[in-house]
Amino acid sequence: MTDSLIENPIFAEILRRYAQRAEQVISREVNAQGLVLTGEMLNSIKAAAVEKGTGWIQANVHYEALLRIKDLKTLNYSRMPPLSAMVKFVEQVGVQNFKYVPGYPRGVEKLDHQRRVERIAWGVRNVFRQEPNIKRGYRGVYNDPLKNQILPYFFADLRQHAGTTAMSELRLAFTDTH
């Protein structure tokens, strides 16, 4: 007979299965909300292994902190974003995906690649300076899927297996006394 219901391997398997399901659901929501730019954030969503200790068991779904920032209703910039971040953004998106280089007529490409990237990054920074707040409706990228699609079923499975396990433990306890 096990000392604790938590030490039962069925509970570890249930937790592992739901952590993996949470990883899939959150990834699907990120894609559905159109938050994929470079794939870096999407690829960072990973379910961790189940950990056990005396009297506890846990599993986690890890993701880059940027996911939480993208879920905010409002982003306030008290000052302009750093140029290095904007340069990295422009390089990841690709210079060819911007309509023009600020300060030059459309189609004119007299600058080398690095200078074009820097000028576009300055242009993006200026947009943030002119419009400092980015407002959008609540997206619930990770809270809503967990609350509506994962946790209710997880708790139902947990209750079912806890009841079954408790009954079998009681049956064992009573058969051992005879």
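In which strand does Gly53 lie? I looked this up at the start and found Gly53 in strand β2, residues 51-53, where strands (E, at least two residues) and helices (H or I, at least four) are DSSP runs numbered from the N terminus.

**Ground rules**

I note that this is a predicted model, in which local features need pLDDT of at least 70 and side-chain atom pairs count only at pLDDT 80 or more, while totals for chains, interfaces and linings use all residues. Residues are numbered from 1 along each chain as its sequence is written, and side-chain values use heavy atoms, with hydrogens and water left out.

**Entry on the whole chain**

I listed the secondary structure and found 6 helices and 6 strands, running from the N terminus as α-α-β-β-β-β-α-β-α-α-β-α. Of the 178 residues, 26% count as buried, where buried means under 20% relative accessible area, exposed means over 50%, and partly exposed is in between, with a 1.4 Å probe and protein chains only. The protein exposes about 11,900 Å², of which carbon and sulfur atoms supply 54%; such accessible areas come from the Shrake-Rupley method with a 1.4 Å probe, and for residues only the protein chains shown count as cover. I also looked at contacts (heavy atoms within 4.5 Å), and among those with a separation of 6 or more, residues 24 or more positions apart account for 66%.

**Entry on Gly53**

I returned to Gly53, which counts as partly exposed because its relative accessibility is 24%. Gly53 and Glu7 are 46 residues apart in sequence, yet their C-alpha atoms are 8.7 Å apart in space.

**Entry on α1 and α6**

I then took up Tyr18, which is placed in helix α1 and is buried, since its relative accessible area is 9%. Leaving aside residues up to four places away in sequence, Tyr18 touches Ile150, Tyr153, Phe154 and Asp157. I also recorded that Tyr18 and Ala59, 41 residues apart in sequence, have C-alpha atoms 8.9 Å apart.

I followed the contact with Asp157 from the other side: Asp157 lies in helix α6, residues 143-176, and touches Ile14, Arg17 and Tyr18, again not counting residues up to four places away in sequence. Is Asp157 buried or exposed? I found it buried, because its relative accessible area is 19%.

In α1, which spans residues 9-32, I also looked up Ser27. Ser27 is buried, with a relative accessible area of 18%, and it touches Leu42 and Ile45 when residues up to four places away in sequence are not counted.

**Entry on α4 and α5**

How do the axes of α4 and α5 cross, and at roughly what angle? I found that the axes of helix α4 (residues 83-93) and helix α5 (residues 113-130) come within 8 Å and cross at roughly 115°, the axes being lines fitted to C-alpha atoms over the stretch in contact and the angles running from 0 to 180 degrees between N-to-C directions. The contact is made by Leu83, Met86, Val87, Val90 and Glu91 of α4, together with α5 residues including Val117, Ile120, Trp122 and Phe128. By class, the contact residues divide into 10 nonpolar, 1 polar and 2 charged, with Ala, Val, Leu, Ile, Met, Phe, Trp, Tyr, Cys and Pro counted as nonpolar, Asp, Glu, Lys and Arg as charged, and the others, Gly among them, as polar.

I next asked which residues of α4 are buried, and I noted Met86, Val87, Val90 and Val93. They lie on the same side of α4 because they cover an arc of only 135° around the axis, the arc being that of the directions from the helix axis to the C-beta atoms. An α-helix has 3.6 residues a turn, so residues three or four places apart point the same way. What covers the buried residues of α4 includes α5. Just after α4, I found Gly94 with a positive phi of about 105°.

**Entry on the loop before α5**

Pro102 lies in the loop between α4 and α5 and is partly exposed, with a relative accessible area of 25%. Pro102 touches Arg119, Ile120 and Gly123, not counting residues up to four places away in sequence. Pro102 and Trp122 are 20 residues apart in sequence and 8.3 Å apart, C-alpha to C-alpha.

I closed with Arg115, found in helix α5, which counts as partly exposed because its relative accessibility is 44%. The C-alpha atoms of Arg115 and Val101, 14 residues apart along the chain, are separated by 9.6 Å.
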